[in-house]
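Please open the structure in your viewer and keep the selection tool at hand. The stops below say what to select and what can be found there.

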Amino acid sequence: MNIVILSRNPELYSTQRLVEEAENRGHKVEIIDPLKCDIIIEREKPTIYYKNRYLDYVDAIIPRIGASITFYGCAVVRQFEEMGVFTIAPSDAITRSRDKLRSLQRLSKAGIGMPKTVFTNYSRDVEEVIEHVGGTPVIIKLLEGTQGLGVVLAETKNAAESVLEAFNGLQARVIVQEYIKEAKGADLRALVVDGQVVGAMKRQGKEGEFRSNLHRGGSATIFKLSEDELKLAMNAAKVLKLPVCGVDMLQSERGPLLLEVNSTPGLEGIEGATQKNIAKAIITFIERNKKEKS
């Protein structure tokens with residue numbers, strides 16, 4: 001097959017591993033910067049033009065679309081879909097997952113447990129917002145934040161009011177979430193491929209840090225998920241229609257609680273922690289899909 005990885009950085013671990021596994025299985029692989037693609041929209045032959053050639057020979061794509069280029073990146077993915085090319089992450093699903101508020105609303109409606117969450121339109125009644133999630137401490141998140149950026153733990157009412165007022169003053173959209181104390185600065189990441197969990201790790205924030213993101217200095221170890229945790233991860237992927245994704249959750253006294261679903265999960269942390277070949281699982285998923293359609 002001719003497989004294209006949509007990535008702006010060919011040196012990233014995840015991109016390199018996907019290239020390696022695809023080539024090991026006899027496929028031709030290209031890394032293409034989605035921002036350098038021209039989308040040609042026409043009735044007869046919609047296509048994509050890249051570096052003096054038409055990409056009309058592609059069998060499958062692997063989107064590695066960063067949050068900062070979601071709009072144009074998803075437009076490129078959508079064009080490939082219009083051309084009949086298989087993608088491991090549909091454009092609509094990427095867009096849904098990137099909108100934290102929209103995805104939480106969909107997941108909540110599907111009965112998936114999550115921390116109490118409040119979204120408000122620059123409310124001046126900050127005290128009431130805090131009470132909606134059970135009082136302080138609270139987590140305050142920018143809707144557009146990634147990799148732990150734009151996430152604040154406010155331990156007192158005064159601190160929460162100050163942070164919310166600051167964000168409101170900047171007209172930055174935020175959600176306020178209940179703080180799950182018993183998680184102790186750790187969360188779980190489940191990697192889902194084709195509806196099944198193929199690897200899971202526990203991420204622990206460094207001492208004094210409530211965020212467990214590996215980009216923020218956290219550590220990761222292999223973890224065996226409970227039945228409830230497996231069910232949550234697979235259901236979340238199904239609700240957002242993401243065949244390949246990372247599902248982040250917290251352990252709480254009332255069971256696993258969903259944090260978010262990542263449509264472009266990194267592979268370095270989870271492959272290192274689990275010693276499992278996640279990249280190969282993604283490539284074989286593409287192969288299975290292609291065989292079913294042929």
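The tour moves from a pair of helices to two sheets, then to a ring pair and a few unusual backbone spots.

Before selecting anything, note that this is a predicted model, in which local features need pLDDT of at least 70 and side-chain atom pairs count only at pLDDT 80 or more, while totals for chains, interfaces and linings use all residues. Residues are numbered from 1 along each chain as its sequence is written, and side-chain values use heavy atoms, with hydrogens and water left out. The helices (H or I, at least four residues) and strands (E, at least two) named here are DSSP runs, numbered from the N terminus.

**Two packed helices**

Select residues 70-82, which are helix 2, together with residues 91-98, which are helix 3: the two pack at an angle of about 155°, with their axes 8 Å apart. Axes are lines fitted to C-alpha atoms, for helices over the stretch in contact, and angles run from 0 to 180 degrees between N-to-C directions. Helix 2 and helix 3 are therefore roughly antiparallel to each other, a term for angles over 145 degrees. Now show the side chains where they are in contact (heavy atoms within 4.5 Å): helix 2 contributes Thr-70, Cys-74, Val-77, Arg-78 and Glu-81, and helix 3 contributes Ser-91, Ile-94, Thr-95 and Arg-98.

Stay on helix 3, where Ser-91, Ala-93, Ile-94, Arg-96 and Ser-97 are buried, meaning under 20% relative accessible area with a 1.4 Å probe and protein chains only. Among the elements that cover these buried residues are helix 2, helix 4 (100-109) and strand 16 (255-262).

**Two open sheets**

Next, select strands 3, 4 and 5, which form an open sheet in the order 3-4-5 with antiparallel pairing; two strands pair if DSSP finds at least two bridges between them. Strand 3 (38-40) and strand 5 (53-54) are the edge strands, each pairing on one side only. Within this sheet, Tyr-49 has Tyr-54 in strand 5 as its bridge partner. Helix 2 comes back into view here, because it lies across strand 3 and strand 4 and runs at about 40° to strand 3.The second sheet has 4 strands in the order 8-11-9-10, again open and with antiparallel pairing. Select strand 9 (residues 138-142) and strand 11 (residues 174-178), which pair over 5 bridges, and find Ile-140 standing opposite Val-176 in strand 11. Then add helix 6 (residues 157-169), which packs on the sheet, touches strand 9, strand 10 and strand 11, and has a direction that makes about 10° with that of strand 9.

**A pair of rings**

How are the rings of Phe-86 and Phe-285 arranged? Their centres lie 5.6 Å apart and their planes stand at 70°, so the pair is edge-to-face, given that rings pair with centres within 6.5 Å and count as edge-to-face with planes over 60 degrees apart. Phe-86 is in strand 7 (residues 86-87) and Phe-285 in helix 9 (residues 278-293), 199 residues apart.

**Unusual backbone spots**

Most residues other than glycine have a negative phi, and most peptide bonds are trans. Select Thr-136 and Pro-137, whose peptide bond is cis, with omega near 0°. Finally, select Lys-241, which has a positive phi of about 55° although it is not a glycine, and which is exposed at a relative accessible area of 54%, where exposed means over 50%.

Definitions and conventions. Angles under 35 degrees count as roughly parallel, over 145 as roughly antiparallel, 65 to 115 as roughly perpendicular and the rest as oblique. Rings of Phe, Tyr and Trp (its six-membered ring) pair if their centres lie within 6.5 Å; planes under 30 degrees apart count as stacked, over 60 as edge-to-face and the rest as tilted.
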